[in-house]
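I opened the model to look up cavities, sheets, helix crossings and unusual backbone spots. My entries follow in that order.

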Amino acid sequence: MPSPVHSYGVLGESDDPLVDLALDLQWAWNHSSDEIWGLIDPQLWEATHNPWFVLQTESRTRLQAISADPVFQERLRTTLQQRRNIYGSSTWFADTHPNSPLTSVAYFSMEYALSEALPIYSGGLGNVAGDQLKSASDMGVPVVAIGLLYQRGYFRQAIDSGGNQRALYPYNDPTQLPVSPVRNESGEWVRVTVKFPSFTLILRAWQVRVGRVRLYLLDSNDPANTPAARGITSELYGAGLELRLQQEIALGIGGWRLLQAIGLQPEVCHLNEGHAAFAVLQRAAAFRAATGQPFDVSLAVTRAGNLFTTHTPVPAGFDIFPPDLMRCYFSRYAEETLGIPFDEMLRLGRNGSPDFNMAYLAIRGSGAVNGVSRLHGAVSRMLFQPLFPRWPKDEVPVQHVTNGVHVPTWDSRWADELWTTICGRGRWRGKLENLTENFRASTDEQIWRMRGASRAALVLEVRRRHQYGAANAPSHPLLDPNVLTLGFARRFATYKRPTLLLHDPARLARILSNPNRPVQLVVAGKAHPSDLTGQALLREWIHFMARPDIQGRAVFLEDYDLDLAQHLVQGVDVWINTPRRPWEACGTSGMKILVNGGLNLSELDGWWAEAYTPEVGWALGDGAEHGEDPAWDAAEASSLYTILEREVVPLFYERGRDGIPSNWIARIRQSMAQLTPRFSSNRSVREYTETYYLKAAAAYRKRSSDNAALGREILNWRRNLDLHWEEIRLARMEVESNGTSHRFRLHILIPGIPAASVRVELYADPVKPGDEPFRRLMDLCHELPGVTGGFCFTAEVPNSRPAAYYTARVIAHHPEASVPLEAPHIVWFSAPSRT
């Protein structure tokens, strides 16, 4: 496998320990090396928190001098030993699954939020991807990731004197980023190509070391490309459908080709959103080229190893491309690379509309699909139900793995010290056993001291940034380290209702300016440069901050990024979240405050809908959907103010003789103990591994073995179902009832389909909402004499409800296939006659 060569190593050698430290992003969550970079250049380190930039910027004379310093040498020796100990230690994956069929998971994502030193992210999707890579490293899960290296990344925000957002696009100089070129054994830079309609796109490969995990980034800014082609990876989520399509081709097709170029053969491909769905096609194409199997067999084999995670709660969130644009980019690819007509490829992303839907391609090319919270799983089943006609919504094949956050990335120094004291080191790298019970042993004094230090640090950071709003009023001290601090920070999009807290500005101002029980508010967030409505909502907050009666009590901090987010989630007492249910698929910002002792006041949407109980925070809303109803928004805004006035603020200021709010601390303790482990990316990565990765790896190996024999068998099974399914008929249906049960007997005609290729079931709707439907497999009794394809099936069920409540159905069945994901065939029969 090719490995990077650091041709620009600062100290002259590619194996220099400082180079290795600087290019390993473990420093983004393991801060043992921070002192080293501060000793080299404290000002530069404080300004950038980018070790690679520090090394690249410092003079050789300075580096040679500091390397001779005994204090520096001892600190470096200690750090290197700690690093060797971590990488030399056993991991959760190796200990738990020593004989696993899984050797590699290829994780595809459009963005990754790993560190502010590598700005290739915009928001939640990147945060999830970055945190999952970090946890995969901690636990030794064999993940290799694929993404794009953007020349400008997502925009940086500035607020002008009129309160208007300005979008800035600073250049990402690769030589100053913690990345290195991927070179082959002969030292040549690894590049892959993708044919576009009028040119061949060259993509250069870069490597990012994320602890044990490797992230490979593709970059079109190659001098051999045309100027237009060089700009394809210029900007994350660039404007225009064609540029978006080009980027997603580079990610999916170029990304899988890169894996082949560096000699990796992952059993599992994890698509983090539909942006990467073209990897489904290229993976099947690679299997076709390697084995000589046709495309349909290749797809039947490879889809078993593909997992699609959807993050989208509304149809408008799917990437959709018009057929003419798809034809321009894929007609030759379909025929030459896939070996199928273009229209056949197009059908993989269609369902009643002529447009090509990337989510549909991902579903039809995967062996499993999941949403990112329990509620989002249900929403996704509704969104994708058109792909599975006549199937009950609850049986649409979308499960869920609720997102989690990488706790060591988001905890404050004081929170880390408290957790270490109580639960020990290395607590986030294993099974999280006993953490909940152990943390409940923490004392009120310990928690309150930690919260005070974290809040004070946030106040100092806000004063340092001194960006806008109340910060412009020098006659009023900006924030107070002893005052209840609320945080509200997110993307300014209408569905997030970022101005719900501003519904009654005067009432909010009274809450903030109460002289006896004061409250302070820190707000941050960006609106997309093309979202004028979102920018107008942001302006409302800027103007509110100028009110004379809240000076010193509220501040808007511009340019919300990873660094600012860390300060906010570590320091605020209460995190407010007001999305319109069910439009927040999960939301992870509120998870980040858990380890730090912050409490959530949030809409019952996303993760909070499954996390909330009264002892861990506060809930907004009634757990139902109300659409874009202004009256409901007004009612929820009033409820939000009331919760703050009557519950949150009094509880914080209710102090005992020792000055500690014991009831407030009790809620913090429950939140930290119960929710921090449960909503960590340690848990979510373990869940992905044990629920999906291991099974997908085994299924792919099984289907691909013996010259794809099982893959061909499943394809032939599906073809036979397609050919004869409409011929299935109910000849007779009877029910006999007695005092305790109903006995059903069905005579069914299944011409052309073996009885083993179907399941005949009795089905009844749930008795009440939230219950599981009733499903009972019917037994094959015998073949019907003299009737080709005729069979008798029977089943007995309790008579707890009338026989008419039960319906019979026939569905596809194969022991090695996922139904209905791979075969959505279903036939329903009407209620039986009584005998």
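**Cavities.** I worked on a 1 Å grid over the protein atoms alone, where a cavity is a set of points that a 1.4 Å probe fits but cannot get out of, and lining residues have an atom within 4 Å of a point. Grid points are joined across faces, edges and corners, and a volume is the space filled by probe spheres set on the points. The model is predicted: local features need pLDDT of at least 70, side-chain atom pairs count only at pLDDT 80 or more, and totals for chains, interfaces and linings use all residues. Residues are numbered from 1 along each chain as its sequence is written, and side-chain values use heavy atoms, with hydrogens and water left out.

I counted five cavities of 30 Å³ or more. How much space lies in the largest cavity? I read about 90 Å³. Its lining is Leu21, Asp24, Gln26, Trp27, Asn30, Ser32, Ser33, Thr79, Gln82 and Arg83. I sorted residues by class: Ala, Val, Leu, Ile, Met, Phe, Trp, Tyr, Cys and Pro count as nonpolar, Asp, Glu, Lys and Arg as charged, and the others, Gly among them, as polar. That gives this lining two nonpolar, six polar and two charged residues. Helix 6 (residues 70-88) supplies the largest share of the lining, three residues. Helices (H or I, at least four residues) and strands (E, at least two) are DSSP runs, numbered from the N terminus.

**Parallel sheet.** Next I traced the sheets, taking two strands as paired if DSSP finds at least two bridges between them. One open sheet has six strands in the order 18-17-16-19-20-21, with parallel pairing. Strand 18 (554-557) and strand 21 (617-620) are at the edges with a single partner strand each, so one side of each has no neighbour in the sheet. Neighbouring strands here are turned by 20 degrees against each other on average, direction ignored. For angles, axes are lines fitted to C-alpha atoms, for helices over the stretch in contact, and values run from 0 to 180 degrees between N-to-C directions. I then checked one pair: strand 19 (residues 574-577) and strand 20 (residues 599-603) run parallel and are joined by four bridges. In that pair, Ile576 stands opposite Leu601 of strand 20.

**Helices on this sheet.** I looked for contacts, meaning heavy atoms within 4.5 Å. Helix 20 (residues 444-465) lies across strand 16 (484-489), strand 17 (519-524) and strand 18, at about 65 degrees to strand 18. Helix 23 (residues 562-571) lies across strands 16, 17, 18 and 19, at about 155 degrees to strand 17. The axes of helix 20 and helix 23 come within 8 Å and cross at roughly 145 degrees. Which residues meet? From helix 20 I listed Arg451, Ser454, Arg455, Leu458, Glu461 and Arg465; from helix 23, Asp563, Leu564, His567, Leu568, Gln570 and Gly571. This contact has three nonpolar, four polar and five charged residues.

**Helix 10 on helix 11.** I looked at a second crossing. The axes of helix 10 (residues 241-261) and helix 11 (residues 278-291) come within 8 Å, at roughly 35 degrees. Helix 10 brings Leu245, Glu248, Ile249, Gly252, Ile253, Trp256, Arg257 and Gln260, and helix 11 brings Phe278, Ala279, Gln282, Arg283 and Ala286. I get seven nonpolar, three polar and three charged residues in this contact.

**Antiparallel sheet.** I found an open sheet of four strands in the order 25-24-28-29, with antiparallel pairing. Its edge strands are strand 25 (774-777) and strand 29 (826-829), each paired on one side only. The average turn between neighbouring strands is 25 degrees, direction ignored. Strand 24 (residues 758-764) pairs with strand 25 over four bridges, in the antiparallel sense. Tyr763 faces Arg775 of strand 25.

**Backbone spots.** Where are the cis peptide bonds I noted? One joins Arg581 and Pro582, with omega about 5 degrees. Pro582 lies in the loop between strand 19 and helix 24 (589-592). Another runs from Val819 to Pro820, with omega near 10 degrees. Pro820 is in the loop between strand 28 (807-812) and strand 29. I also noted Glu273: its phi is near 85 degrees, a positive value in a residue other than glycine. Glu273 lies in the loop between strand 10 (268-272) and helix 11.

Methods: On a 1 Å grid over the protein atoms alone, a cavity is a set of points where a 1.4 Å probe fits but cannot get out, and a pocket is an open set with protein on both sides within 12 Å along at least five of seven lines; lining residues have an atom within 4 Å of a point.
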